[in-house]
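Please open the model in your viewer and keep the sequence panel beside it. The stops below say what to select next and what is to be found there.

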Amino acid sequence: TILNFFPKGIEDFFPNLMALSFWYCNITTLRGDELNFLPPLTLFENDFNKGLERIPVNFFQHQPLMTSICFYQNSLKHFGAGIFDHLENLTFMDLRGNYCVSRLANTRNQVLSLIEDVKSNCTDIEIKPEECYDEAKTEF
């Protein structure tokens, strides 16, 4: 099944979920509050999702333990300013195959460098969470 929306209610079935991975989906928007109920999340992967262009600034706001983020082969053009700044445990990022940045980082120092590239190349406009709102209210 190909998802066209971010599934709602995952935390009801998997409250201690640590990894979330989506491949080849048709998700075109992500809201800032979709991961709020998954604070133990350490890995987020959304790969081969060509319709996704924006990630709101507050998307990872409740994931202080995040160590790995993949947005491989998407159509990303914009990230909310400072989206990764609070993720002090982040040691792996794969942003290859996107419009505004295309790099892999697999050490903390490389991640910090990639975050600077994102700030320079992908945050030319301020993305408000409501601009990334997906009208689909479908429950998981």
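## First stop: two loops

Begin by selecting Gln73, which is found in the loop between S4 and strand S5 (78-79). The model is a predicted one, and in it Gln73 has a positive phi of about 55° although it is not a glycine. Most residues other than glycine have a negative phi. With a relative accessibility of 24%, Gln73 counts as partly exposed.

Now move to Phe48, in the loop between S2 and strand S3 (54-55). Phe48, which is not a glycine, likewise carries a positive phi of about 55°, and its relative accessible area of 25% makes it partly exposed.

## Second stop: the whole chain

Zoom out and colour by secondary structure: the chain comes to two helices and seven strands, and, read along the sequence, these follow the pattern α-β-β-β-β-β-β-β-α. Of the 140 residues, 44% count as buried. Among the contacts between residues at least 6 apart in sequence, 56% join residues at least 24 apart.

Recolour by pLDDT before looking at details; the chain averages 86, and 87% of the residues score at least 70. Over residues 129-140, however, the pLDDT is below 50, although this stretch has 30 contacts in the model beyond near neighbours in sequence. Where pLDDT is low, the predicted coordinates should not be read in detail.

## Third stop: the sheet

Select the five strands that form an open sheet of mixed pairing, in the order S1-S2-S4-S6-S7. Its edge strands are S1 (19-23) and S7 (104-105), each of which pairs on one side only.

Starting from S1, follow the parallel pairing with strand S2 (residues 43-47), which runs over five bridges; Ala19 has Leu43 as its bridge partner in S2. Show the side chains of S1 and they will be seen to alternate: Leu20 and Phe22 point to one face and are buried, whereas Ala19, Ser21 and Trp23 point to the other and are not.

Next, select strand S4 (residues 68-70) together with strand S6 (residues 92-94), which pair in the parallel sense over three bridges. Here Ile69 has Met93 in S6 as its bridge partner.

## Fourth stop: the aromatic rings

Which residues do ring pairs link into a cluster? Select Phe22, Phe44, Phe59, Phe60, Phe71, Phe79 and Phe84, which are joined in this way. The count of aromatic pairs comes to 13. For Phe71 and Phe79, the ring centres lie 6.2 Å apart and the planes meet at 70°, so the pair is edge-to-face. Both Phe71 and Phe79 are buried.

## Last stop: the cavity

How many cavities of 30 Å³ or more does the structure hold? There is one, and the largest cavity has a volume of about 40 Å³. To display its lining, select Gly80, Ala81, Gly82, Ile83, Phe84, Asp85, Ile115, Val118, Lys119 and Thr123. Phe84, one of these lining residues, is also a member of the ring cluster visited above.

Finish on Lys119, another of the lining residues, which is found in helix H2 (residues 108-121). Is Lys119 buried, partly exposed or exposed? Its relative accessibility is 33%, so Lys119 counts as partly exposed. For a last distance, pick the C-alpha atoms of Lys119 and Val101: these residues are 18 apart along the chain, and the two atoms are separated by 10.0 Å.

Technical notes:
Residues numbered from 1 in each chain as written. Predicted model: local features only at pLDDT ≥ 70, side-chain atom pairs only at ≥ 80, totals over all residues. Heavy atoms only, no water. pLDDT = per-residue confidence, 0-100. Contact = heavy atoms within 4.5 Å. Pairing = 2+ DSSP bridges. Helix = DSSP H or I, 4+ residues; strand = E, 2+ residues; numbered from the N terminus. Phe/Tyr/Trp six-rings, centres within 6.5 Å; stacked < 30°, edge-to-face > 60°. Buried < 20%, exposed > 50% of the residue type's maximum accessible area, 1.4 Å probe, protein only. 1 Å grid on protein atoms, 1.4 Å probe; cavity = no way out; pocket = protein on both sides within 12 Å on 5 of 7 lines; lining within 4 Å. Points joined across faces, edges and corners; volume = space filled by probe spheres on them.
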